[in-house]
Amino acid sequence: MTLSKYQIFSAIIKAGSLTKAAEELHLTQSGVSYAISTLEQDLGFPLLKRDRSGIHLTTNGSRVLSHIEKVLHEENLLEQEAAAIRGVNIGSVRIGSISSVSMNWLPGVLIKFSQQFPNIDVSTRMACYDEITGWLNNNIVDIGFMSIPVSKPFEALPLKKDNLYVVLPPKHPLRNRKLISLTELVDEPFIMPLWGNDDNIRHMLLRYKAVPKNIKYEIMEEQTILALVAQSVGITILPGLILNHVPDNVHVIELKEKESRTLGLVAITLKNASPANVNFICCLLSYLRERGQLDFETEAALMEKYWRKR
């Protein structure tokens, strides 16, 4: 069995068809079909099943996919390490991100990073906490932006303390208040952010015994939540980083309890991150420092010191 067969198999799964995979790999379709056929012979069982709707993994194909992806990932790490020894920066960075980070940090960081490391490929995916956790576990992404601490045994680097705020409709009776307590919101129609098991807002409401009695909707997308608040459907609680882009007619009020979430970077391992990922994280830290948005300088400096000594 060769790595090229693994690469072709992985490409087919990502592309969803042999034809698209062949185009992306600059191979003939017959060559791709032959590679998969011989890989199936090597393994002793079918990996793919074909029907009118396309190509799908067999049960056994699903079982071996994650192992094949790990082999390809380790090969990529080896290439990066060898390049780093030679003084060349190559490789890839795969990022799982939440929408607030994608909107406010990633555009600037990606521009800065591409200027410094033009030969390192970066791919990003956006989702909720649970989906990013799954991507990390299944080696689909290398690093993820999440609220920490997380329920899974990942390594985490805290970045920013992101305060939570109450968001009120245009004519809400509490709109002129400077502070609002969580207990005052229990009877309000509420739009609950739906971000997964590590959702700090839901945990906070449970901790204060202030879960709203009338949850109108549970929604992942923050801009949809804000649009509903602007239409007086209900109130919500959101982190400050999200609130850089709010409708003009909604009111943002501080919580009396001064609660916050901690945004951080999460990975299976940060200390042993690939050279490409280390370069990206250092670029991110530099970007946040320049804008006064890095709230955990001590932790960041210790991680950078560790990487320099590797």
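**Reading a predicted model, feature by feature**

Colleague: I would like to start from one residue and work outwards, so in which helix does K112 lie?

Modeller: K112 lies in helix α6, which runs over residues 106-116, and please keep in mind from the start that this is a predicted model.

Colleague: How should I read its accessibility, and does K112 count as buried or exposed?

Modeller: The general idea is to compare the relative accessible area with a cut-off, since buried means under 20%. K112 has a relative accessibility of 16%, and therefore counts as buried.

Colleague: Which residues is K112 in contact with, once its neighbours within four places in sequence are left aside?

Modeller: With those neighbours left aside, K112 is in contact with C283, S286, Y287 and E290. One of these, E290, also belongs with K112 and R291 to a network of salt bridges.

Colleague: What is the general idea behind a salt bridge, and how many does a search of the whole structure find?

Modeller: Side chains of opposite charge can pair when their charged atoms come close. In this structure, the search finds twelve salt bridges. Among them is the pair E184 and R177, whose side chains meet at 2.9 Å, N to O; E184 is partly exposed, with a relative accessible area of 32%, and R177 is likewise partly exposed, at 35%. Another joins K258 to E254, with the closest N and O atoms 2.7 Å apart, and E254 counts as partly exposed at 36% relative accessibility.

Colleague: Which residue forms a salt bridge with D187, and what parts does the pair tie together?

Modeller: The partner of D187 is K213, and the closest N and O atoms of the two are 3.4 Å apart. Because D187 lies in the loop between β7 (179-180) and β8 (189-193), while K213 lies in the loop between α8 and β9 (214-219), the pair ties together parts that are 26 residues apart in sequence. D187 counts as exposed, at 59% relative accessibility, and K213 counts as exposed at 67%.

Colleague: Turning to a whole helix, which residues of α2 are buried, and which are exposed on its other side?

Modeller: A useful way to read a helix is to look down its axis and ask where the buried residues point. In α2 (residues 18-25) the buried residues are L18, A21 and A22. Seen down the axis they fall within an arc of 100 degrees, so they line one face of the helix. E23 and E24, on the other side of α2, are exposed.

Colleague: What do the buried residues of α2 pack against, and what is found at the ends of the helix?

Modeller: They pack against two helices, α1 (3-15) and α3 (29-43), and against the strands β1 (48-51) and β2 (54-57). The N-terminal end of α2 is capped by S17, which has a side-chain oxygen 3.1 Å from the backbone nitrogen of K20. After α2 comes H26, whose phi is positive, near 60 degrees.

Colleague: How should I read a loop residue, taking F45 as the case, and where does F45 lie?

Modeller: It helps to ask where the residue sits, how exposed it is, and what it touches. F45 lies in the loop between α3 and β1 and is partly exposed, with a relative accessible area of 23%. Leaving aside neighbours within four places in sequence, F45 is in contact with E40, N60 and V64.

Methods
Residues numbered from 1 in each chain as written. Predicted model: local features only at pLDDT ≥ 70, side-chain atom pairs only at ≥ 80, totals over all residues. Heavy atoms only, no water. Buried < 20%, exposed > 50% of the residue type's maximum accessible area, 1.4 Å probe, protein only. Helix = DSSP H or I, 4+ residues; strand = E, 2+ residues; numbered from the N terminus. Arc of directions from axis to C-beta. Contact = heavy atoms within 4.5 Å. Polar contact = N/O pair within 3.5 Å; in protein donor to acceptor, adjacent residues only side chain to side chain. Salt bridge = Lys/Arg side-chain N within 4 Å of Asp/Glu carboxyl O.
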